[in-house]
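Biologist: Got a minute to go through this one with me? Put it up and let's talk.

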Amino acid sequence: MIGIETIGSYIPAKKISNLKESSKNFDDSFIKNKIGIEAFAIKDEDQETSDLCLNAYKNLPKNAMHNIGCIVVCTQNPDGYGLPHTSAILHQKLGLDENCAAFDISLGCSGYVYSLSIIKSFMIENNIRNGLLFTCDPYSKIVDRNDKNTGLLFGDAATVTLISENPKWAIGICDWGTRGAGHDAIKINDNNVFTMNGRAVFNFAVQTIPKSIEKTLKKNNLSIDDIDIFLLHQASKYVIEIIRKRLKVDEAHLPFKAGDYGNTVSSSIPLLLEELESDFNNIIISGFGVGLSWGTTLLSKISSVSG
Amino acid sequence: MEITFAMLLNLLKEIDFEGDITKITEETSFEEAGLDSLETMNLFLEIEEKFHITLADPQFEFIDSFGELMKFIKKNK
């Protein structure tokens, strides 16, 4: 069985506090209680996307680095101008064999769930035993820190997930979707400025994700009470709270934990997974954002998978 | 279904608005009531879902008081 064996991550040490930076626009209680992101991580200007990925790789457990047959980088903020693909640059930095496949996936906040399914299928189809899935979308490359809609939200980070035949978690049946009619709600506009329509994204997230989670539970023959924890893309504290209330689950089962590093786009779910302290059996993960796109799936601890 | 001001105030309770609802009149602005931008978005979504109305008219973005909101809802219902 192909699934998730382990996760490594890298969050830049440099942080910018929203409590100090944003006093012109918002008071501290709004930052703490609603946006929830008190500080965000930011990379050095000369650090490239592949450098952040390399640092995440260095934080993988040493025994996890063996016979890598494919690497995938999920990003919409690649190295340079996006050509060549960042995974090829990372391939060189990792010193990987020429037989190792490398490709990028262009998705934002839904990217981790999509990428898990893609790399799993690719590995099964091509009989690859070990693969690395990187997420890294450093929005510091595109965000205007003075924009009140986006300037306080996004942090830089990278993660790497080792996908192998010796997994801790199996990847279940997914629920996907795209609201293409809303594709311009999050975009880089004609003036090369990153923009977000906050209300459109809010409505999309809180209406779509509870339904997607319900569909995913049904597809995997589970009920909401079977789930030990819900790990959702960390858009903002308020979005997470409203989704949680609509699902009628408590805060311990659907946490917001990005308060000291920010919304890290496709890295937010693997960062939560890596941090998990308890040994949960059933985990729902759900990513949503740019596109407007969403992906939800079930992760089951291998010992709890029947058959 | 006739939409009343009391129904609008009740929606504020449903979104867990922590301000003093008893002090809100049709003249009160969202800012005076202490409704922040995220709570406002949530209130609008609740209105859209409960009353099957779309709050997306170009003039809608200039609405900033509960009385104006009521007028808009009644006009577009």
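**A chat about the two chains**

Modeller: Let's start with B:Thr54, which is exposed, with a relative accessible area of 57%. Keep in mind that this is a predicted model.

Biologist: OK, where is B:Thr54 placed?

Modeller: In chain B, B:Thr54 is in the loop between helix 3 and helix 4, the latter being residues 66–76.

Biologist: And what does B:Thr54 touch, leaving out residues up to four places away in sequence?

Modeller: B:Glu48 and B:Phe72. There's also B:Lys77: it is 23 residues from B:Thr54 in sequence, and the two C-alpha atoms are 8.7 Å apart.

Biologist: Switching to the interface. How many residues does the contact take from chain B and from chain A?

Modeller: 14 from chain B and 13 from chain A. The area buried between the two chains is about 1200 Å², and carbon and sulfur atoms give 51% of that.

Biologist: Which three residues supply more than any other three of the area that chain B buries against chain A?

Modeller: That would be B:Leu38, B:Met41 and B:Leu45, with 45% of the area on the chain B side.

Biologist: Now the helices. At what angle do helix 6 of chain A and helix 3 of chain B pack?

Modeller: About 60°, with the axes 10 Å apart; helix 6 of chain A covers residues 198–219 and helix 3 of chain B covers 37–51. Angles from 65 to 115 degrees would count as roughly perpendicular and those under 35 as roughly parallel, so these two helices are oblique to each other.

Biologist: Is that crossing left-handed or right-handed?

Modeller: Helix 6 of chain A and helix 3 of chain B make a right-handed crossing. Helix 6 of chain A brings A:Gly198, A:Arg199, A:Phe202, A:Asn203, A:Val206 and A:Gln207 to the contact, while helix 3 of chain B brings B:Met41, B:Asn42, B:Phe44, B:Leu45, B:Glu48 and B:Glu49. By class, this contact has five nonpolar, four polar and three charged residues.

Biologist: What about helix 7 of chain A, why is it largely enclosed by the rest of the structure?

Modeller: Because eight of its eleven residues, in the stretch 237–247, are buried. Among the buried ones are A:Tyr238, A:Glu241, A:Arg244 and A:Leu247.

Biologist: What do the buried residues of helix 7 pack against?

Modeller: In chain A, they pack against helix 2, helix 6, strand 12 and strand 13, and helix 3 of chain B joins in too.

Biologist: And which residue follows helix 7 of chain A?

Modeller: A:Lys248, and its phi is positive, near 60°.

Note on methods: Residues numbered from 1 in each chain as written. Chains lettered and ligands numbered in written order. Predicted model: local features only at pLDDT ≥ 70, side-chain atom pairs only at ≥ 80, totals over all residues. Heavy atoms only, no water. Axes fitted to C-alpha atoms, helices over the stretch in contact; angles between N-to-C directions. Helix = DSSP H or I, 4+ residues; strand = E, 2+ residues; numbered from the N terminus. Parallel < 35°, antiparallel > 145°, perpendicular 65-115°, else oblique. Left-handed = near helix turned anticlockwise from the far one by under 90°. Contact = heavy atoms within 4.5 Å. Nonpolar A, V, L, I, M, F, W, Y, C, P; charged D, E, K, R; others polar. Buried < 20%, exposed > 50% of the residue type's maximum accessible area, 1.4 Å probe, protein only. Buried area = accessible area lost by both parts, 1.4 Å probe.
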